[in-house]
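Colleague: Please take a close look at the ligand site for me, and then go on to the sheet. I am a first-year student, so please explain each term as you use it.

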Amino acid sequence: MGELTNDIQFLPGVGPKRAALIKRELGVNTLEELIRFYPYRYIDRSSITPIVSVTPDLAYVQVQGRVVSRNLINMKHLSIIVEDGTGRMEMVFFKGVKWNFDRLAPGSVWLFFGKPQLFNGRINIVHPEVDAPQTDPAAKGTLTGVYPSTEKLKNGGITGKLMCKMERAALALCLPEVQESLPDYILKKYGLPSLVLALQNIHFPSDMSALAAATRRLKFEELFYLQLSLLKQKYVRSRAANGLVMPHVGPAFHACYNALPYSLTGAQQRVIKEIRADLSGGSQMNRLLQGDVGSGKTMVAVLSCLIAIGNGYQACIMAPTEVLAQQHFANIQKYLAPTGVQCALLTGSTTRKERKPLMAGLADGSIQLVVGTHALIEEPVRYRALGLAVIDEQHRFGVSQRAALWSKGPLMRYDQRSGAWAPVSDSERPAIPPGGAPGGRTIEDQNVPPHVLVMTATPIPRTLAMTFYGDLDLSVIDEMPPGRKPVQTMLIGQNRLPAMYRFMREEISKGRQVFVVYPMIFINEKMEDVSNVEQGYEDIVKAFPLDEGYKVAIVHGQQSNEQKLFNMKAFVEGRAHILVSTTVIEVGVDVPNASVMVIRSAQRFGLSQLHQLRGRVGRGAEKSYCILVKDPKTGKDAQERLELMCATEDGFEIAEKDMKMRGPGDLEGTQQSGMPIELHIASLLRDGAMLDEARSCAMKVLDADPGLDRPQNSVLLKELRKGKYDIKDYSKIS
Ligand code: ADP
Ligand code: MG
């Protein structure tokens, strides 16, 4: 008993030293973790391609041959010629050169696996995987698992063979103790093998079909629990049926709507309908609104707020930065003019003097809409009846932040007779001592969570959105307002900077403005953007001197808030021709008169970041340009990404391609620390269809048994409680 939690060091052939290495390199500590560490591919030892039949269009081949010569060039490049009786081919190594030189001695026989390619008219394999030759005729059709490995593991004697041996021993000890993790009825319905069978076959498949069934079962399990965990939270919320009910549209909505200088796009109308249905439906809304840069999300936010206000509630719009909050505030006030709605701005730099009447207005309800930064949900702010919170451009606003918002909801009392929640009237309202426990509240009174609308312009591939925001309902604005001109994007090297400066001068002479953006540079995790952007500023000022009438503003992360705002304003208000900055301007800033976006060291940016930046231009009537300037040492992958930017403006296409090029674990911001959830076998890139299946299965389970109280579902509750499937760190999601 208790084998599952045993340390791997006690397996035969392992011991404390190797165990420590495995723990460090693979994060595998216990036998249970070991049997949940799967091969990433399988070798069919019996399927060997004769060298004469190898062509470069084959995805992968396995050849077995004798080394005839080895040639080490500059200690950097190892070329091995292999012969198998049908022909000769070359194996090339740029890494592990010394180690491979030593072991691949002339005369020795090896099994090579890799992608054949044509190079200088000859076929070779670069960095093949090298294994001991296949000599056992009984092994025909046997699939051998290949486990993820590292250079350090190989050097430490943890060979593929040893891994197989360890897995075999661990399975023998553990399988009798492994408990089925999916209910029988789900296994039957989806035709999945048991966990024991799946684990056996994922490591030591009896044949191809057993391997396929095992893979399917383990992937399904992983995706299913991920969805179940997310959806359960959602069901708990919606079943509680304590959403604020907002049946009316109200006069403010109509007044604003009728005064709009344009008509809403079909997509905007659809999304507002979806939101209206949520607001009047009786359960709390938790909706993610995705819409590309410039698709008109602000208007949707404002109209949604006006619905809340039309039902006697307050609303807030939260922006990620002070600059954005100010800009929203200015825009929104224009829309509100015909409505008579009272609107205020609350940010970190709101003075104490301004704060006092503001707080009072929020507490007594005379301020109906408040725009601001995080200050909006921070402790001291009290609302009389916050009915809707809109969170703009903060897709990192995770479950815990959303929860912080809930306590800001209005105090409601459950009315037994009508079976509905009703606001506690002002006269009955207990005084809440600052920071203290609310006194005099009856047991039924509750803060009812406001409805929440999270808006983002960062296009997230569908499978990622379903995984990380699986507990939110999704609305998409997939249509741009009419009249937007495409942004012409070009990629240039530094040799063309003089031509670019000439072009900038032309645009400025037409009355346009120009953004010049530099990447943030991190050195030892410290932000070192300043020298870079300041040098850039010097260069620009030299090329665009003040005495010729050019005004250049600079904004970066190391400036004080006031400084940033002041400089930013100079550009927004058209007093500066050029804004030199780091990515602080990335989200949301609207300067319709800007027609050129120059991005320096563009190869350092991720695709979605580039897309966001490009979205800052093309907002006015003029033709706009995005100039990507790459550094001389730009690599091939980066070059490809930049070329993709030139080829398309579709944010979702870019996001999907980005994911394909880099793999989902490598999306921006997730690079260093991996995904916020560890997937052992399923891939958000390849297993989209299974994700749909797993999600619909989880929904059906919860529809039938929302609390997972039925005996057949007890195993589900038990697995969820292990917490393996919780998203802990939303900041890792880009
Ligand atoms: P984003 O989705 O990036 O937040 P905004 O809400 O800032 O986009 O809208 C971008 C611009 O498009 C704004 O200047 C806004 O006034 C304008 N706009 C929004 N909706 C429409 C529409 N239906 N027709 C024309 N222009 C619109
Ligand atoms: Mg916006």
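Modeller: A polar contact is a pair of N or O atoms within 3.5 Å; within protein, one of them must be able to donate a hydrogen and the other to accept it, and residues adjacent in sequence count only if both atoms are side-chain atoms. The model is a predicted one, in which local features need pLDDT of at least 70 and side-chain atom pairs count only at pLDDT 80 or more, while totals for chains, interfaces and linings use all residues. Residues are numbered from 1 along each chain as its sequence is written, chains are lettered from A and ligands numbered from 1 in the order in which they are written, and side-chain values use heavy atoms, with hydrogens and water left out.

Threonine 298 places an N or O atom of its side chain 2.7 Å from an oxygen atom of ligand 1, and a polar side-chain atom of lysine 297 also lies 2.7 Å from an oxygen atom of this ligand. Glycine 296 takes part through its backbone, with an N or O atom 3.1 Å from an oxygen atom of ligand 1. On its own, ligand 1 exposes 570 Å², of which the protein buries 81% (areas by the Shrake-Rupley method with a 1.4 Å probe). There are 16 residues around ligand 1, and Ser263, Gln268, Gly294, Lys297 and Thr298 come nearest (a residue is near if one of its heavy atoms lies within 4 Å). By kind, this shell holds 5 nonpolar, 7 polar and 4 charged residues, where glycine counts as polar.

Turning to the sheet, 7 strands form an open, mixed sheet in the order E6-E7-E4-E3-E2-E5-E8; strands are DSSP runs of E with at least two residues, numbered from the N terminus, and two of them pair if DSSP finds at least two bridges between them. At the edges are strand E6 (116–119) and strand E8 (129–131), each of which pairs on one side only.

Starting from E8, strand E5 (residues 109–114) pairs with E8 in the antiparallel sense over 3 bridges, and phenylalanine 112 has valine 130 as its bridge partner there. E5 also pairs antiparallel with strand E2 (residues 61–73), over 6 bridges, with phenylalanine 113 as the bridge partner of glutamine 62. E2 in turn is joined by 7 bridges to the antiparallel strand E3 (residues 77–83), where serine 69 stands opposite isoleucine 81. E2 and E3 make a hairpin with 3 residues between them, and asparagine 74 in the turn has a positive phi of about 60°.

Key: Helices (H or I, at least four residues) and strands (E, at least two) are DSSP runs, numbered from the N terminus.
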